[in-house]
Amino acid sequence: MRRRYFIALLAAGSAAGGVARLAADAPAEVEVIAEKFDFTPDTVKAKVGKPLTFVVTSIDRVHGFKMPDFGVRTDIVPGAETRVTITPTRPGTFAFFCDVFCGDGHEEMGGTLVVEA
Ligand SMILES: [Cu+2]
């Protein structure tokens with residue numbers, strides 16, 4: 001029972017979904033998959049002062065990846081890996097979202113970066 005729960009946590013930390021967990025000392029990287037009309041995972045954790053690279057791929061069409069609080073935006077083109085690195089300077093909750101119109105659910109296509117001290 002306990003072991004099963006642990007495995008479920010590991011799976012949730014991968015690109016499969018849920019909250020991405022970051023190793024303490026390794027350079028932080030998180031894989032994010034974009035598709036109509038979701039980012040997976042849609043909640044990502046980071047630490048103040050520690051660089052974090054989003055490695056974003058699209059599995060259907062062109063999407064956008066925008067984080068206004070970090071002055072970042074880029075297109076996400078299917079078949080290519082798009083890397084965006086940010087370094088949080090304060091704790092808080094920050095939005096990322098698609099800014100390329102991709103259909104009727106586009107306005108809901110977003111996620112949250114949770115930065116801890
Ligand atoms: Cu979109």
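Six salt bridges are present in the structure, a salt bridge being defined as a side-chain nitrogen of Lys or Arg within 4 Å of a carboxyl oxygen of Asp or Glu. The model is a predicted one, in which local features need pLDDT of at least 70 and side-chain atom pairs count only at pLDDT 80 or more, whereas totals for chains, interfaces and linings use all residues. Residues are numbered from 1 along each chain as its sequence is written, and side-chain values use heavy atoms, with hydrogens and water left out.

One of these contacts joins the side chains of lysine 47 and glutamate 116, with an N to O distance of 3.9 Å. This pair links distant parts of the chain, since lysine 47 belongs to strand S4 (residues 43-47) and glutamate 116 to strand S10 (residues 110-116), the two residues being 69 residues apart; helices (H or I, at least four residues) and strands (E, at least two) are DSSP runs, numbered from the N terminus. Lysine 47, at 41% relative accessibility, counts as partly exposed, and glutamate 116, at 31% relative accessibility, is likewise assigned to the partly exposed class. In these assignments, buried denotes under 20% relative accessible area, exposed over 50%, and partly exposed the range in between (1.4 Å probe, protein chains only).

Arginine 73 takes part in a salt bridge with aspartate 99, at 2.6 Å from N to O. The latter contact again links distant parts of the chain, with arginine 73 in strand S7 (residues 72-76) and aspartate 99 in the loop between strand S9 (92-97) and S10, 26 residues apart. The side chain of arginine 73 also meets that of aspartate 75 in a salt bridge, at 2.9 Å from N to O. Arginine 73 is partly exposed, with a relative accessible area of 39%; aspartate 75 is partly exposed at 39% relative accessibility, and aspartate 99 is partly exposed with a relative accessible area of 28%. In addition, a network of salt bridges links Glu29, Glu81 and Arg83.

The copper ion has as its protein donors Cys98 (SG), Val100 (O), Cys102 (SG) and His106 (ND1), which lie 2.0 to 2.6 Å from the ion. Donors are N, O and S atoms within 2.8 Å of the metal (3.2 Å for Na, K and Ca), and sites may look incomplete because water is not among the atoms. The spacing of the donor residues in sequence is C-x1-V-x1-C-x3-H, and both valine 100 and cysteine 102 are buried. The arrangement is irregular because the four donor atoms subtend angles of 80 to 129° around the copper ion, whereas four donors count as tetrahedral if all angles lie between 85 and 135 degrees.

Terms used
Four donors count as tetrahedral if all angles lie between 85 and 135 degrees; four count as square planar and six as octahedral if opposite donors are over 155 degrees apart and all others between 65 and 115; anything else is irregular.
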